[in-house]
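Biologist: Could you take me through this structure? I should like to begin with a charged residue and work outwards from there.

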Amino acid sequence: MVAAVEPDRTLKWLLLDQARKLAVDAGNAGTLDRAVVMASATYDFDELEHEYRALAEIPLRGLDPQRAASLAEVAEKVATRAETDGRRDLALSAQSLAVRGWQRAGARDAARRAAIRHAEMGRIGPER
């Protein structure tokens, strides 16, 4: 991504935000993830919430199985990071999105594992 080497902070943010928006429109969760990770290395914002919301904007119905699997993988990554940070509600939402992504991809075993993990996350005590 060109934005990675852009010295102007404002222009860099605009480039990364545009990359995120285009990735959402294209249903490309991997590019979305890279754009958010690059932005979080330079700017202070809630990258987990930002990435989850962007992932949730991608319409699963329109994704082919490969893109749906990619979305599920990125959503699980967000869920893991949110869980590690003690953000249970966000972790549950991201894990739920991962389940739906695996289902759309037709990956029954992965969907089952993701659903089990979601249930386990839900059994832990209330968010602190």
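Modeller: This is a predicted model. Glu51 has a relative accessibility of 0%, so it counts as buried.

Biologist: Which residue forms a salt bridge with Glu51?

Modeller: Arg81 does, and the closest N and O atoms are 3.6 Å apart. Arg81 sits in helix H4 and Glu51 in helix H3, so the salt bridge ties together parts that are 30 residues apart in sequence.

Biologist: And Arg81 itself, buried or exposed, or in between?

Modeller: Arg81 is partly exposed, because its relative accessibility is 26%; the limit for buried is under 20%.

Biologist: How many salt bridges are there in the whole structure?

Modeller: The search finds nine. Some of them share partners, and in this way Asp46, Glu49, Arg53 and Arg87 are joined into one network.

Biologist: Take Glu49 and Arg87 from that network. How far apart are their closest N and O atoms?

Modeller: They are 4.0 Å apart, and the two residues form a salt bridge. This pair links distant parts of the chain, with Glu49 in helix H3 and Arg87 in the loop between H4 and H5, 38 residues apart.

Biologist: What is the relative accessible area of each of the two?

Modeller: Glu49 has 21% and Arg87 has 25%. Both values place the residues in the partly exposed class, because buried means under 20% and exposed over 50%.

Biologist: Now Arg20. Which residue does its side chain meet in a salt bridge?

Modeller: The partner is Asp17, at 3.1 Å from N to O. Both residues lie in helix H1, three residues apart, which is about one turn of the helix.

Biologist: Are those two buried or exposed?

Modeller: Arg20 counts as buried at 12% relative accessibility, and Asp17 is buried as well, with a relative accessible area of 17%.

Biologist: What else does Arg20 touch, leaving out residues up to four places away in sequence?

Modeller: On that basis, Arg20 is in contact with Leu32, Ala35, Val36, His50, Ala54 and Glu57.

Biologist: Leu32 is on that list. What does Leu32 touch in turn?

Modeller: With residues up to four places away again left out, the contacts of Leu32 are Arg20, Ala23, Val24, Glu51, Ala54, Leu55 and Ile58. Glu51, where we began, is therefore a neighbour of Leu32 within the 4.5 Å contact limit.

Biologist: Let us turn to the nonpolar side. How many residues are in the largest nonpolar core?

Modeller: That core has 39 residues. Those with the most contacts inside it are Leu32, Leu55, Ile58, Leu71, Leu97 and Trp102.

Biologist: Which elements give two or more residues to this core?

Modeller: They are helix H1 (9-26), helix H2 (29-42), helix H3 (47-57), helix H4 (65-84), helix H5 (88-105) and helix H6 (108-123).

Biologist: What about nonpolar residues at the surface? Which ones make a patch?

Modeller: Leu11, Leu14 and Leu15 make a nonpolar surface patch of about 240 Å². Leu15 has its place in helix H1 and counts as partly exposed, at 33% relative accessibility.

Biologist: One more topic, the aromatic rings. How many pairs does the search find?

Modeller: The search of the whole structure finds two aromatic pairs. In one of them, Trp13 and Tyr43 are edge-to-face, at 5.1 Å centre to centre and with 80 degrees between the planes. Trp13 is in helix H1 and Tyr43 in the loop between H2 and H3, so this pair ties together parts that are 30 residues apart in sequence.

Biologist: And which residues form the other pair?

Modeller: Trp13 and Phe45 form it, also edge-to-face, with 5.4 Å centre to centre and 75 degrees between the planes. Here too, distant parts of the chain are linked: Trp13 is in helix H1 and Phe45 in the loop between H2 and H3, 32 residues apart. Through these ring pairs, Trp13, Tyr43 and Phe45 are linked into a cluster.

Biologist: Which class of accessibility does each ring residue fall into?

Modeller: Trp13 counts as partly exposed at 29% relative accessibility. Tyr43 is buried, with a relative accessible area of 13%, and Phe45 is buried, with 19%.

Conventions: Residues are numbered from 1 along each chain as its sequence is written. This is a predicted model: local features need pLDDT of at least 70, side-chain atom pairs count only at pLDDT 80 or more; totals for chains, interfaces and linings use all residues. Side-chain values use heavy atoms; hydrogens and water are left out. A nonpolar core is a set of buried Ala, Val, Leu, Ile, Met, Phe, Trp, Tyr and Cys residues joined through side-chain atoms within 4.5 Å. Buried means under 20% relative accessible area, exposed over 50%, partly exposed in between (1.4 Å probe, protein chains only). Helices (H or I, at least four residues) and strands (E, at least two) are DSSP runs, numbered from the N terminus. Patches are made of residues with over 30% relative accessible area and no salt bridge: like charges are joined within 9 Å, nonpolar side chains (Val, Leu, Ile, Met, Phe, Trp, Tyr) within 5 Å. Accessible areas come from the Shrake-Rupley method with a 1.4 Å probe; for residues, only the protein chains shown count as cover. Rings of Phe, Tyr and Trp (its six-membered ring) pair if their centres lie within 6.5 Å; planes under 30 degrees apart count as stacked, over 60 as edge-to-face and the rest as tilted.
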